[in-house]
Amino acid sequence: MEGQDIKITIIDRDGVSHEIDAPTDMAMNLMEVVRSYELAPEGTIGVCGGMAMCASCQCYVLSNHELPEMQDDEEAMLSEAFDVKDNSRLGCQIQIAPEMNGLKIELAPES
């Protein structure tokens, strides 16, 4: 089915919860979705442009979704980031896919 949107809940850095529609057909990642909905101030998320070279898009995965496995560069970046938890991921490394319907994440504090 073309243009299938999924529902994602994103808790911003002020603790406000936003339920948004994320397109699965535009090859967007979580960081780009947060940016397009302006859920984080410009310049505080996706600073490196989605190359897993900064941790500005770090988020905590709160729901029980099976996400793509973490690659080495994401793991390395998170190992030196601040406020890292067991459920930390870089938003730029998570592509929006139909099976993520109902995903719930929280943006990590700005480091």
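Is β1 mostly covered or mostly open, going by how many of its seven residues are buried? The strand turns out to be mostly covered, with five of the seven buried; here "buried" stands for under 20% relative accessible area, "exposed" for over 50% and "partly exposed" for anything in between, using a 1.4 Å probe and protein chains only. The model is a predicted one, so local features were taken at pLDDT of at least 70 and side-chain atom pairs at pLDDT 80 or more, while totals for chains, interfaces and linings use all residues. Residues are numbered from 1 along each chain as its sequence is written, and side-chain values rest on heavy atoms, with hydrogens and water left out.

Now for the sheet. Five strands make up an open sheet with mixed pairing, in the order β2-β1-β5-β3-β4. Strands (E, at least two residues) and helices (H or I, at least four) are DSSP runs numbered from the N terminus, and two strands count as paired if DSSP finds at least two bridges between them. At the edges sit β2 (17-23) and β4 (88-90), each paired on one side only. From one strand to the next, the twist averages 40 degrees; angles run from 0 to 180 degrees between N-to-C directions, with axes fitted to C-alpha atoms, for helices over the stretch in contact.

Back to β1, which has a partner on either side. Seven bridges tie β1 to β2, and these two run antiparallel. They form a hairpin with five residues in between, and G15 in that turn has a positive phi of about 85 degrees. With β5, β1 runs parallel, and four bridges do the joining. I10 shows both pairings nicely: H18 is its bridge partner in β2, and I105 stands opposite I10 in β5.

I10 also matters for the next topic, the core. A nonpolar core is a set of buried Ala, Val, Leu, Ile, Met, Phe, Trp, Tyr and Cys residues joined through side-chain atoms within 4.5 Å. The largest one has 31 residues, and I8 and I10 have the most contacts inside it. Two or more residues each come from β1 (5-11), β2, α1 (30-36), β3, α2 and β5 (103-107), with α1 giving the most, four residues. Setting aside neighbours within four places in sequence, I10 is in contact (heavy atoms within 4.5 Å) with residues including V16, I20, V33, V34, L39 and L107. In soluble globular proteins, nonpolar side chains tend to be buried together.

At the other end of the sheet, three bridges join β3 (residues 58-61) to β4, and the two run antiparallel. C59 stands opposite R89 in β4. Helix α2 (residues 72-79) lies across β3 and β4, at about 120 degrees to β4. This helix holds E74, which is buried at a relative accessible area of 1%. The E74 side chain reaches the backbone nitrogen of L90 at 2.8 Å. Not counting residues up to four places away in sequence, E74 touches A52, R89, L90 and Q93.

Finally, the cysteines. A disulfide is a pair of cysteine sulfur atoms within 2.5 Å, and by this rule the count is zero. C54 is in no disulfide, as the nearest cysteine sulfur, in C48, is 3.8 Å away. C54 counts as buried at 15% relative accessibility. The closest cysteine sulfur to that of C57 is in C92, at 3.9 Å, so it is too far for a bond. C57 is buried as well, with a relative accessible area of 3%.

Conventions:
Polar contact = N/O pair within 3.5 Å; in protein donor to acceptor, adjacent residues only side chain to side chain.
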